[in-house]
Amino acid sequence: MFSEQIELRGHIIDSLILPKVLDEILTNGGSFSIREINIGKQRHDASYACIDVFGPSPEIVDALVRRLRQHGAEVVEQKDVTLVPAPADGVFPTDFYVTTNQQTFVHLRGKWIEALPATMDCAIAVDVEKQTAWTVKFSQVRTGTLMAVGHHGIRVVPVQRSTDRKSVFEFMASNVSSEKPKSAVIREIAEEMRMARKKGGKILVVAGPAVVHTGAGEHFEKMIEWGYVNLLFAGNALAAHDIEQALYGTSLGVYLEKGALADEGHENHMRAINAIRAAGGIAQAVAKGVLRHGIMHCCVQHKIEFVLAGSIRDDGPLPEVIIDTLAAQRAMRTKIEGVTIALMMGTMLHSIAVGNLLPAHVKTICVDINPSVVTKLTDRGTFQAIGLVTDIEPFLRELTEFLAKKEAGSVAVSA
């Protein structure tokens, strides 16, 4: 039998990290022996475990260690990270280390160096002289860039269960169901957002055109006005249909107030896009008085940054829409620093795309009428996401009602 010795530190009991590690070993062809374990006596105390991992071949042991690293396991034999130069532009070396969205460090010259930002499905590039490490996509790597390979000299710090306030993220535990107690969950989401704003956190909203189609735009605008939106990621559709509603009162040709089709309403979104293009862009349309209300108007008025990422199905698109997907991805990555909460509503593709960019510590809420959207988001690695299966309009209406109560309570206390 071949073996490797690993260590686990932190809240490995109440975060269920220890049982997950042992289960990974047994279900993937290995066995284990717990060499030492010290369990914290108080809730805030950290625990420690030293475990021998056995397997019938070196390859199986290596594969086990790779899996266990995602739960924060460290190999006891402390070696420097193995570095191999990239063989060509856009190509990683064989056996390159594939990142998760959890905090990751590489061991270099006796120091642990954090690889930033924490992004899944990347490789790790290292500058030996500057002693820096960073995560890179295929498009970012160049011939000769030193890359981390294998699993030695790499440490992953898993997100652990909070020892303080019990939050909705622990309660829901990434499960998806249309039978959740929605009001209780929405109340908790409002509290999380209030706390994030109070602590100076950054709230990201990823929104699809359903926000407009369902008549929820007015609620979203309130959130922007009250300071509960710091950053907006969306596609051409949200902006185009929001502007169509602002200019013509319709969304996809349907009057939102009447629920009836407008005469030749199918043309309205095209005419809305044309009006913005003629003005030179969304901000210019606001400045010229062409665009007087709506979500995008509110973003401009309150100086909320937004990234509109294009797709092959877009009409127009609007001038601000980034049509190069890699450029859009880069724009999003540069703006997510400091994000503590991400609220994703009514957009499967954008939710999954943005979820792949977010570190594991970002509290992520996905709201959609289709339960498979939330399932796909978590299946693709955004394990920290919680899901709420409901229509967007009643969700945002109730969320703003809870936020309004908090606003009113704050005013009463300060008075």
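The protein has 14 helices and 19 strands, where helices (H or I, at least four residues) and strands (E, at least two) are DSSP runs numbered from the N terminus. This is a predicted model, so local features need pLDDT of at least 70 and side-chain atom pairs count only at pLDDT 80 or more, while totals for chains, interfaces and linings use all residues. Residues are numbered from 1 along each chain as its sequence is written, and side-chain values use heavy atoms, with hydrogens and water left out.

**Exercise 1. Work out how far you can trust the model, using pLDDT (the predictor's confidence in each residue, from 0 to 100).**

Solution.
- Start with the whole protein: the mean pLDDT is 88, and 90% of residues reach 70 or more.
- Next, look at residues 411-415, where pLDDT is below 50. Beyond near neighbours in sequence, this stretch has zero contacts in the model, a contact being heavy atoms within 4.5 Å.

**Exercise 2. Check the length of helix H4 (residues 182-198) against its expected span.**

Solution.
- The rule is 1.5 Å times one less than the number of residues.
- For the 17 residues of H4 that gives 24 Å, and the end C-alpha atoms are 24 Å apart, so the two agree.
- Now pick out the buried residues (under 20% relative accessible area; exposed is over 50%, partly exposed in between; 1.4 Å probe, protein chains only). In H4 they include Val185, Ile186, Ile189, Ala190 and Met193.
- How does that spacing make sense? An α-helix has 3.6 residues a turn, so residues three or four places apart point the same way.
- Finish just past the helix: glycine 200 takes a positive phi of about 80°.

**Exercise 3. Find the cis peptide bonds at proline 117 and proline 317, and place each proline.**

Solution.
- Leucine 116 to proline 117 is cis, with omega near -10°. Proline 117 sits in the loop between strand E7 (111-116) and strand E8 (123-127).
- Glycine 316 and proline 317 are also joined by a cis bond, omega about -15°. Proline 317 belongs to the loop between strand E16 (305-309) and helix H11 (325-335).

**Exercise 4. Stay in the E7-E8 loop and describe the backbone and exposure of aspartate 121.**

Solution.
- Check phi: for aspartate 121 it is near 55°, a positive value in a residue other than glycine.
- Then check the surface: aspartate 121 counts as partly exposed because its relative accessibility is 47%.
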